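Me: I'd like to get better at reading helices, their packing and a ligand shell. Can we go through one example together?

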Amino acid sequence: MMRAIHSLVLGYLFAFTDAFLLRNVASSPHHATARYASSNSASSSALTTSLNVTIVGAGPAGLLLAHRLLEGGASVNIYEKRARPVLGTLLPGRAYALGIGRRGRTALQQAPNVWEAVRQAGFPSDRFRLHAGPVALKLRDSAGQQEPSLLCFQSDLCAALLKELEQQYSTDRLTIQFNVPVTNINFKDRTCQTKNGELVAFDLIVGCDGVNSVVREAMQKEWPAFKVTQRELPGKFKTVQLPNVPSDKLDPTAVSLVMPQKGSTTAFVEPVSDSGRCCVLFAGSNSSDPLLVSSDATEIEQVLQERYPSFRPEALTSAAEQLANIPKASQASSVQCNIYHYNDVAVLCGDAAHATGGVSGQGVNSALTDSVVLAECIHQSTSMREALNAYSMKQVPEGHALYDLSFPPPPSSKLEALGRTLGTLRDFIFRGRFGIGKLPIQVQLTTSLESFADIRRARMDGFPSQSEWERKLSTLDASAVASLSARGKETTSTK
Ligand SMILES: Cc1cc2nc3c(=O)[nH]c(=O)nc-3n(C[C@H](O)[C@H](O)[C@H](O)COP(=O)(O)OP(=O)(O)OC[C@H]3O[C@@H](n4cnc5c(N)ncnc54)[C@H](O)[C@@H]3O)c2cc1C
């Protein structure tokens, strides 16, 4: 009997977390520790004003970094391998909605007018519902006074950041090229090459180029002490867009996780505008599920009808057509690096440095934070090496802490697994009220500005202290200096 209850609870939670962990949905008042100065004016330094920066990747991290560096007086060249994002037009592969919580919002507020522009491109919602057959659970409702999380397509977020960037800065100091991937980087000469053959000189190159970063790859080739772990995460997903939430039973202002009547692929419905426009993410770990692999719209529609009988017929038809036209389901990856910079020449931000593939809903929030912290380290330092070192010392522990919080070590026994499951349920029910349990981790990450490292230390043992991180990172930084000068000598002797 106990076993049956245990597997029921676990099964439910795993099905639930399968999709839930891909999202963040909440926002509530919480004490905060600001991680960077909350002034939104970049103080320019001699280092920034004379700087010629190449940013690889015009995703959220690259575009916000450009704002902060241009504001401080730097010259910025951005190369992006995809097409220009246009508000309201979804780019393939960028069609999911992101939840921008308090961290992301605070970071965006550091650049003039940017938050306002982004807010208009998204839909604020705190509400989260779980639908399982006839049961509908309100897992979270409006958070009262605190500004709710903003649900926004990645491409709309980028389009809003880009529009502000081009409006605020002249082409004397800013160039942006779309459909132009960077292919090679030469750290010694401080040049990079684009796919169309252009050779670009820089003082500093910043890899804001996501999980498959070319800047990170070049650092790996050049410097043996630089270590990267990249893993494909279990589960696959496909996303569709609909003009209205697909069922009258769903609250059009809430994020809804809809459990299927059959099978394990869940539907995660996220509203993205007042009109009811939404995106639906179908996520599951059965790699032969027709919803994730079939290209036959009729077959998919039939499967959708069986699994989601409460969805309106026209929503099922449209979803089936879109699913059939997505050639391959996406799979998220995680990334961990032992340091984020290479001497005074290269540095990584956002998913290029650390990625959790949407698990725990902090990817874009932490990517935007990286950009603000990096710009601030540059503004406040007298040399680039000092700036990049300061950045790694602040952000490497953050990336590692977020990874641990997103992927806690597996339980060592069934008893521990049961204890964790019950603890999660308790936290969802009591949310730390009446002194019972804690705020659920998703809610804490989304609603506070407390560092991930502090949250990690408070929740689990075994995380290094800040001074331990700094010792480790100083040793690595010294090895980068030695590596770059050794490469210099090699190149000179072979000339
Ligand atoms: C399904 C899913 C749901 C998610 N949900 C959330 C959420 O709710 N909340 C949240 O905070 N995060 C979420 N995330 C994570 C979030 O999408 C990422 O963390 C975030 O987009 C990282 O921003 P970035 O700028 O670092 O990288 P990216 O957004 O990946 O941007 C990198 C850019 O670099 C470009 N590029 C790559 N290589 C090159 C090259 N060689 N030359 C030029 N350009 C290049 C790419 O085209 C891209 O535009 C989710 C992720 C997934 C997959």
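Reply: Sure, and keep in mind that this is a predicted model. Let's begin with a single helix, α13, which covers residues 414-430.

Me: How many residues does α13 have, and what distance does it reach from its first C-alpha to its last?

Reply: The idea is to set the span against what 1.5 Å a residue would give. α13 has 17 residues and reaches 24 Å, close to the 24 Å expected.

Me: Which residue follows α13, and what is its phi?

Reply: That's arginine 431, with a positive phi near 55 degrees.

Me: Now a helix pair. At what angle do the axes of α3 and α11 cross?

Reply: Roughly 25 degrees, with the axes of α3 (residues 60-71) and α11 (residues 363-380) coming within 8 Å. Angles under 35 degrees count as roughly parallel, so α3 and α11 are roughly parallel to each other. Their crossing is right-handed.

Me: Which residues of α3 and α11 meet?

Reply: A general idea helps here: an α-helix has 3.6 residues a turn, so residues three or four places apart point the same way. On the α3 side you'll find Pro60, Ala61, Leu64, Leu65, Arg68 and Leu69. They meet Val364, Ala367, Leu368, Asp370, Ser371, Val372, Leu374 and Ala375 in α11. By class, the contact of α3 with α11 has 11 nonpolar residues, one polar and two charged.

Me: And α12 with α15: what is the crossing angle there?

Reply: Roughly 45 degrees, between α12 (residues 384-406) and α15 (residues 452-459), whose axes also come within 8 Å. That makes α12 oblique to α15. The crossing of α12 and α15 is left-handed. α12 brings Pro397, Glu398, Ala401, Leu402, Asp404 and Leu405 to the contact, while α15 brings Phe452, Ala453, Ile455 and Arg456. Those residues divide into seven nonpolar, no polar and three charged.

Me: Let's finish with the ligand. How many residues surround it, and which are the closest?

Reply: For a shell, ask who is there, which elements they come from, and what class they belong to. The ligand is surrounded by 36 residues, the closest being Gly57, Gly59, Gly210, Gly350 and Gly363. The elements giving two or more residues to the shell are α3, β3 (97-100) and α11.

Me: Which element gives the most to that shell?

Reply: α11, with four residues. So you've met α11 twice: in the contact with α3 and around the ligand. As for classes, the shell divides into 16 nonpolar, 14 polar and six charged residues.

Definitions and conventions. Residues numbered from 1 in each chain as written. Predicted model: local features only at pLDDT ≥ 70, side-chain atom pairs only at ≥ 80, totals over all residues. Axes fitted to C-alpha atoms, helices over the stretch in contact; angles between N-to-C directions. Parallel < 35°, antiparallel > 145°, perpendicular 65-115°, else oblique. Left-handed = near helix turned anticlockwise from the far one by under 90°. Contact = placed C-beta atoms within 7 Å. Nonpolar A, V, L, I, M, F, W, Y, C, P; charged D, E, K, R; others polar. Near = placed C-beta within 6 Å. Expected span 1.5 Å × (residues − 1).
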